[in-house]
Amino acid sequence: MTKIKGDPEGQEVQAEACSGERTYHELLVNLNPIAQPLASRRLTRKLYKCIKKAVKQKQIRRGVKEVQKFVNKGEKGIMVLAGDTLPVEVYCHLPVMCEDRNLPYIYIPSKTDLGAAAGSKRPTCVIMVKPHEEYQEAYEECLEEVRALPLPM
């Protein structure tokens with residue numbers, strides 16, 4: 001029996017379906033209308049890895065109140081917002097704050113996955129990842145891709 005080289009993303013979709021977790025495309029059904037720019041599946045995974053590394057170094061801010069407080073104080077980092085948060089009014093002011101302060105921000109499909117990446121059992125609607133030398137390479141890679149995405153009008 002020979003191995004057939006296949007689509008690596010196709011293998012990921014099969015793996016996700018077998019594990020019982022919802023796939024990326026199933027999560028897109030619950031998105032808010034304001035969830036732009038939205039991270040691709042690949043970028044979402046990179047962001048989760050970067051968040052996990054940042055949690056070990058205690059370099060994240062989680063939750064609307066905490067993130068808003070530190071954005072107002074002038075902290076820099078990547079803001080990761082969950083696209084399935086309802087009501088939207090909970091955090092719809094944060095992208096505007098980011099644009100005013102020239103901070104990069106991105107939406108991902110699931111708040112439960114965002115909370116899990118941060119090491120919490122509770123869903124989280126927003127996390128700010130601060131730069132740190134321990135995971136600088138992963139942070140820079142995510143930052144580059146987030147800045148390359150077009151901002152909504």
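## Buried tyrosines

Y105 and Y107 are both buried. The model described here is predicted. In this model, Y105 and Y107 belong to a cluster of three residues, Y91, Y105 and Y107, that is held together by ring pairs.

The number of aromatic pairs is 2. In one of these, Y91 meets Y107 edge-to-face, with 6.2 Å between the ring centres and 80° between the planes. Y91 is situated in the loop between β2 (78–82) and α5 (94–100), whereas Y107 belongs to strand β3 (residues 105–108); the pair therefore ties together parts that are 16 residues apart in sequence. Neither ring belongs to an exposed residue, since Y91 and Y107 are both buried. The rings of Y105 and Y107 have a centre distance of 6.3 Å and planes at 85°; because this angle is over 60 degrees and the centres lie within 6.5 Å, the pair counts as edge-to-face.

## A charge over a ring

A further contact with an aromatic ring involves a charged side chain. R61 lies over the face of F70, at 3.6 Å from the ring centre. R61 also takes part in a salt bridge, described below with its partner E75.

## A salt bridge between two helices

Side chains of opposite charge can pair when their charged atoms come close. The count of salt bridges in this model is 5.

One of them joins E141 to K46, with the closest N and O atoms 2.9 Å apart. This pair links distant parts of the chain, as E141 is in helix α7 (residues 136–148) and K46 in helix α3 (residues 41–56), 95 residues apart. Which of the two partners is buried, and which is partly exposed? E141 has a relative accessible area of 36%, which falls between the limits of 20% and 50%, so this residue is partly exposed. K46 has a relative accessible area of 18%, which is under 20%, so K46 is buried.

## A network around E75

Another salt bridge forms between R61 and E75, with an N to O distance of 2.9 Å. R61 lies in strand β1 (residues 60–62) and E75 in the loop between α4 (64–73) and β2, so this pair ties together parts that are 14 residues apart in sequence. The relative accessible area of R61 is 17%; because this value is under 20%, R61 is classed as buried.

E75 also meets K130 in a salt bridge, at 3.6 Å from N to O. K130 is located in the loop between β4 (126–129) and α7, while E75 is in the loop between α4 and β2, so the contact ties together parts that are 55 residues apart in sequence. Both K130 and E75 are buried. Through shared partners, salt bridges join R61, E66, E75 and K130 into one network.

## Overall architecture

The protein chain contains 7 helices and 4 strands. Read from the N terminus, its elements follow the order α-α-α-β-α-β-α-β-α-β-α.

Of the 153 residues in the protein chain, 44% count as buried; K46 is one such residue. Among the contacts between residues at least 6 apart in sequence, 79% join residues at least 24 apart. The accessible surface of the protein chain amounts to about 9,300 Å², and 53% of this belongs to carbon and sulfur atoms.

Technical notes. Residues numbered from 1 in each chain as written. Predicted model: local features only at pLDDT ≥ 70, side-chain atom pairs only at ≥ 80, totals over all residues. Heavy atoms only, no water. Phe/Tyr/Trp six-rings, centres within 6.5 Å; stacked < 30°, edge-to-face > 60°. Helix = DSSP H or I, 4+ residues; strand = E, 2+ residues; numbered from the N terminus. Buried < 20%, exposed > 50% of the residue type's maximum accessible area, 1.4 Å probe, protein only. Lys NZ or Arg CZ within 6 Å of the ring centre and 35° of its normal. Salt bridge = Lys/Arg side-chain N within 4 Å of Asp/Glu carboxyl O. Contact = heavy atoms within 4.5 Å. Areas by Shrake-Rupley, 256 points an atom, 1.4 Å probe, with all protein chains shown as cover.
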